[in-house]
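User: I am new to protein models and want to learn how to read one. Can we go through it feature by feature?

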Amino acid sequence: MSMKFSTPGDPVPLRTCLALLLISLIPTAATRAADAPPTDPLARWRANVTIAPLSPTPDRHTIHSYYLTCPESPDGKRVLFYTSTTADGQTGDIRIIDRANGTETIIAKNVHSEDAHRAACQQWTSNGARVAFHDVRDGKWGVYVVDLDTMKERTIALDRQIGFGQPAGNLLPLYGCHWNPGQHRDLELADPATGDIRTALKIGEVEKTYGDWLKKQFADKSTSIFFPVVSPDQKRVFFKMAAGNGGDNFAAKSASAREGLIAADINDGNFLFLRPKWGHPAWYPDSRHIIEVGNLCFDSGEKGKMTRIAEVPVLKGGPHLSVSPDGKLFVTDGDLGPLGDKPGQWGIMVCDINGGKDRFQVLHKFDNSQGAKSWRKNHPHPIFSADGSRIYFNTNESQWTRLFVAEAGK
């Protein structure tokens, strides 16, 4: 069989011309990517968002504990919260509400919290099978766990407080009372299922590694590990340092000096980095990066290398930032003055984790000047649900601090 090749002067068959034309009209993958509009991770938060109080019951405070632990259970069926009818909100009950039918169950009564700011630090653990919290009983601090299948309460540790673990995990970080830790100056980890406690990081190792900074920051005062937060993969932890004054009044401004951000590996005890300043840090879902006030990001795998999320407004009032489970967004609270709102106007704002002009959305605005009359004021403390479709936050628009939930549009 012979084949005929056309020369520049030969006519090209019509069928071949049509085929070449059609091929030229089909965009390549690169062309499609370049021409397609950029995906907006904020799209579902820009329209048809519903916002409502978690509970319609009036005349009580309803508070979720903090921006570092979600009040919604890992399976999305229940919400854990603290209620109080006292003006200061510092004594109350811990409850669970069923999201489907609104039924409430009290799991701990007459709980004495440190303040209405973090309530009892109540949190899910063991993948939603248990709830952990701390309480003051007969003047003594303790950490407790309720097994939800039996509703039985167990004492995990005395003379300690609780940091924040992971709802799906089985590690509860414990620390000595920051104003007077006594012998409990180390970081301990408790298993909520068995109650077993092990020392994860010794204060002596912190002093050995960061002794110069500790001396500069706290002079010659004895220090302790304070407020530990476990990473999503339960392999890392960050914490603050505290130097207590040895008194009994934890509500006093002079109760302790607290500063610094230290990150460490839980398994091998190696320290990852020190930042001399604490600014409401929170883990990314990758368990490596940490977000902080100022829209700052720290890479714990690169000795705390810092980058800034560009072009996204930084709200005032000591905002609390937390990252969505898919790592694409972060939510923050704060005074909306930087956006041109009147001073004192607070809000909840969702932002693109990659930054960019107009890559943010204010979900809700409110007066945050009232609420529980606690010695440490409650803040909104927004945080995403485990599936990323809801955001929980507190408001202080009236004499009652109330827990709200915002649900993304479909």
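User: Let me start with pairing. Which residue in strand 24 is the bridge partner of Leu329?

Analyst: One note first: this is a predicted model. The partner of Leu329 in strand 24 is Asp352. Now widen the view. Strand 23 covers residues 329-335, and strand 24 covers residues 345-352. Seven bridges pair the two strands, in the antiparallel sense.

User: What joins strand 22 to strand 23, and in which sense do they run?

Analyst: Three bridges join strand 22 to strand 23, and the two run antiparallel. One pair to look up is Val323, which stands opposite Phe330 in strand 23. Strand 22 and strand 23 form a hairpin with five residues between the strands. Look there for Gly327, which takes a positive phi near 75°.

User: Is strand 23 mostly covered or mostly open?

Analyst: Strand 23 is mostly covered. Seven of its seven residues are buried. Here is a general idea to keep beside that. In a regular strand, side chains alternate between the two faces of the sheet.

User: How many helices and strands does the protein chain have?

Analyst: The chain has four helices and 28 strands. Its C-alpha atoms fill a box of roughly 100 × 55 × 50 Å along the principal axes. Of the 410 residues in the chain, 52% are buried.

User: Now a sheet. In what order do strands 10, 11, 12 and 13 lie?

Analyst: The order is 10-11-12-13. These four strands form an open sheet with antiparallel pairing. To find the edges, look for strands that pair on one side only. Here these are strand 10 (160-162) and strand 13 (197-201). From one strand to the next, the twist averages 40°.

User: How many bridges join strand 12 to strand 13?

Analyst: Four bridges join them, and the strands run antiparallel. Strand 12 spans residues 187-190. Start at Leu187 and its bridge partner in strand 13 is Leu201.

User: Next, pockets. What volume does the largest pocket have?

Analyst: The idea comes first. Rolling a probe the size of a water molecule over the atoms shows where empty space is left. In this model, the largest pocket has a volume of about 540 Å³.

User: Which residues lie nearest the centre of the largest pocket?

Analyst: Gln166, Pro167, Pro232, Val323 and Ile383 lie nearest its centre. The full lining has 27 residues. You met Val323 already, opposite Phe330.

User: Which strands each supply at least two residues of that lining?

Analyst: Strand 14 (224-230), strand 18 (282-283), strand 22 (321-323) and strand 26 (383-384) each do. Sorted by class, the lining of the largest pocket holds 18 nonpolar, eight polar and one charged residues.

User: How many disulfides does a search of the whole structure find?

Analyst: The general picture is simple. A disulfide is a covalent bond between the sulfur atoms of two cysteines. The search of the whole structure finds zero disulfides. Take Cys70, which is in no disulfide. Its nearest cysteine sulfur is that of Cys121, 15 Å away. The cut-off is within 2.5 Å. Cys297 is in no disulfide either, and the nearest cysteine sulfur, that of Cys351, is 14 Å away.

User: Are Cys70 and Cys297 buried or exposed?

Analyst: Cys70 is buried, at 9% relative accessible area. Cys297 also counts as buried, at 7%. The cut-off for buried is under 20%.

User: Now backbone angles. What phi does Ser287 have?

Analyst: Ser287 has a positive phi of about 60°, although it is not a glycine. It is found in the loop between strand 18 and strand 19 (289-292). Ser287 is buried, with a relative accessible area of 2%.

User: Where is Glu311, and is it buried or exposed?

Analyst: Glu311 sits in the loop between strand 21 (305-308) and strand 22. Glu311 is exposed, at 58% relative accessible area. Its phi is near 70°, a positive value in a residue other than glycine.

User: One last case. How many residues apart in sequence are Tyr66 and His117?

Analyst: They are 51 residues apart in sequence. In space, their C-alpha atoms are 7.9 Å apart. Tyr66 lies in the loop between strand 2 (61-63) and strand 3 (78-84). At 4% relative accessibility, Tyr66 counts as buried.

Notes. Residues numbered from 1 in each chain as written. Predicted model: local features only at pLDDT ≥ 70, side-chain atom pairs only at ≥ 80, totals over all residues. Heavy atoms only, no water. Buried < 20%, exposed > 50% of the residue type's maximum accessible area, 1.4 Å probe, protein only. Pairing = 2+ DSSP bridges. Axes fitted to C-alpha atoms, helices over the stretch in contact; angles between N-to-C directions. 1 Å grid on protein atoms, 1.4 Å probe; cavity = no way out; pocket = protein on both sides within 12 Å on 5 of 7 lines; lining within 4 Å. Points joined across faces, edges and corners; volume = space filled by probe spheres on them. Nonpolar A, V, L, I, M, F, W, Y, C, P; charged D, E, K, R; others polar.
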